[in-house]
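User: I am new to this structure and would like to go through it in short questions. Please keep the answers plain.

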Amino acid sequence: MLETNRYQEYDTWAWLYNQTMGPEYSQQQLKPLEILLLPKLPQSAKILDLCCGTGNLTQLLICEGYHVTGLDGSEAMLAYASVNAPQAEFILGDARTFELSNHFDAVISTSASLNHLMSIEDLKQVFGQVYTALKENGLFLFDLNHPTQMAKWWRGSIAEGEIESNYAWAIVSNYHQQDNTGYFKVILFRKSNNHRTVFGYFRGLLYKLLSLRILTRFRLKLLARFSQWEKNWPSTEMTYHIKGYSCSEIQSTLEAVGFTDVEIRTLEGSSHVDDNHSAYFICRKPDRSKTSH
């Protein structure tokens with residue numbers, strides 16, 4: 001693991017992400033890759049998983065026969081990734097400044113990771129590094145949350161969360177249309193073993209029921225008042241700022257870097273991206289021998 005720039009604010013999230021969101025999101029993100037990207041790659045292609053987190057998607061791709069390198073700015077995330085995907089190479093680095101030249105058949109970035117970059121200039125830096133890292137005719141696939149989608153769904157309420165027997169978590173998201181910025185807050189509750197009561201036993205049974213992903217509306221309502229419900233469970237709050245970018249802005253920035261054949265799709269591969277969908281971008285680094293004539 002090459003040590004370079006660090007993003008320590010994501011280290012605090014690593015344990016929870018590895019327990020919950022990493023495994024779940026990786027299954028969700030494999031589908032658009034199977035539709036939009038993987039059929040276009042050679043067997044045993046080399047793939048860079050940019051902002052790879054805890055490596056769950058990296059491992060799924062390795063199981064499909066691909067050679068995968070993961071890059072992330074969080075050392076704690078990569079510590080889990082090296083366990084989840086032991087055959088992968090991992091690089092600790094900044095997506096804006098990593099240096100890997102003409103090495104990969106494809107680069108991916110999933111789970112709207114690039115929304116964490118707060119300016120189009122930063123995104124352009126990332127696109128430039130990805131362009132350099134790709135072989136000629138290499139493909140770049142990533143997804144982003146966009147302003148109309150975020151304005152509809154990021155309303156300042158609990159968007160998702162779970163309650164387990166010894167921990168609970170919730171995500172609260174908020175979005176400001178004035179400048180297309182927002183944040184999501186991750187709240188983690190951990191059970192204290194110093195308080196065991198009869199009521200606690202029955203609450204444990206309730207949490208076991210809720211962990212089965214039923215009664216979703218009730219679970220989210222309970223999470224909204226969880227600090228009052230479980231006063232002895234210490235909590236940690238982690239806030240992450242994001243920015244929304246329009247599809248046209250992203251396309252023009254990709255083309256300015258040199259990418260061609262830019263397509264914008266939904267999770268299912270449709271070209272109709274509306275306020276219910278994040279946007280998937282797939283583009284190509286051109287073959288210079290064909291563009292020089």
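Analyst: The answers below concern a predicted model.

User: In what order do the strands of the open sheet run?

Analyst: The sheet is open and has 7 strands, with mixed pairing. Its edge strands are β3 and β10, each of which pairs on one side only. From one strand to the next the twist averages 15°. The order is β3-β2-β1-β4-β5-β11-β10.

User: In which sense do β1 and β4 pair?

Analyst: β1 covers residues 46–50 and is joined to β4 over 3 bridges. One residue of this strand pair is Asp 49, whose bridge partner in β4 is Ile 108. The sense of the pairing of β1 and β4 is parallel.

User: What angle does the direction of helix α5 make with that of β5?

Analyst: Helix α5 spans residues 120–133 and packs on the sheet. The strands that α5 touches are β1, β4 and β5, the last of these being residues 134–144. Between the directions of α5 and β5 the angle is about 145°.

User: Which element gives the most residues to the largest nonpolar core?

Analyst: The largest nonpolar core has 31 residues, and those touching the most other members are Phe 127, Phe 140, Ile 250, Leu 254 and Phe 259. At least two residues of this core come from each of β1, β4, α5, β5, α10, β10 and β11. The element that gives the most, with 7 residues, is α5.

User: How many residues does the other core have?

Analyst: The other core lies apart from the largest one. Its members include Leu 38, Val 68, Ala 106 and Leu 141. The number of residues in this other core is 27.

User: Is Thr 253 buried or exposed?

Analyst: Thr 253 is placed in helix α10, residues 247–257. Leaving aside residues up to four places away in sequence, Thr 253 touches Ile 120, Lys 124 and Phe 127. With the same sequence neighbours left out for Phe 127, the residues it touches include Thr 253, Ile 250 and Leu 254. Because its relative accessibility is 9%, Thr 253 counts as buried.

User: How many disulfides are there?

Analyst: A disulfide needs two cysteine sulfur atoms within 2.5 Å. For Cys 52 the closest cysteine sulfur is that of Cys 51, and at 8.1 Å it is too far for a bond. Cys 51 is likewise in no disulfide. The count of disulfides is 0.

User: Which class, buried or partly exposed, does Cys 51 fall into?

Analyst: The limit for a buried residue is under 20% relative accessible area. Cys 52, at 9% relative accessibility, therefore counts as buried. Cys 51 has 23% relative accessibility, so its class is partly exposed.

User: What is the phi of Asn 102?

Analyst: Asn 102 is in the loop between β3 (89–92) and β4 (104–109). At 49% relative accessibility Asn 102 counts as partly exposed. Its phi is positive, although the residue is not glycine, with a value near 50°.

User: Why does Asp 261 count as exposed?

Analyst: Asp 261 lies in strand β10, residues 260–265. Its phi is positive at about 55°, and the residue is not a glycine. Exposed means over 50% relative accessible area. Asp 261 counts as exposed because its relative accessibility is 51%.

Key. Residues are numbered from 1 along each chain as its sequence is written. This is a predicted model: local features need pLDDT of at least 70, side-chain atom pairs count only at pLDDT 80 or more; totals for chains, interfaces and linings use all residues. Side-chain values use heavy atoms; hydrogens and water are left out. Helices (H or I, at least four residues) and strands (E, at least two) are DSSP runs, numbered from the N terminus. Buried means under 20% relative accessible area, exposed over 50%, partly exposed in between (1.4 Å probe, protein chains only). Contact means heavy atoms within 4.5 Å. Two strands pair if DSSP finds at least two bridges between them. Axes are lines fitted to C-alpha atoms, for helices over the stretch in contact, and angles run from 0 to 180 degrees between N-to-C directions. A nonpolar core is a set of buried Ala, Val, Leu, Ile, Met, Phe, Trp, Tyr and Cys residues joined through side-chain atoms within 4.5 Å.
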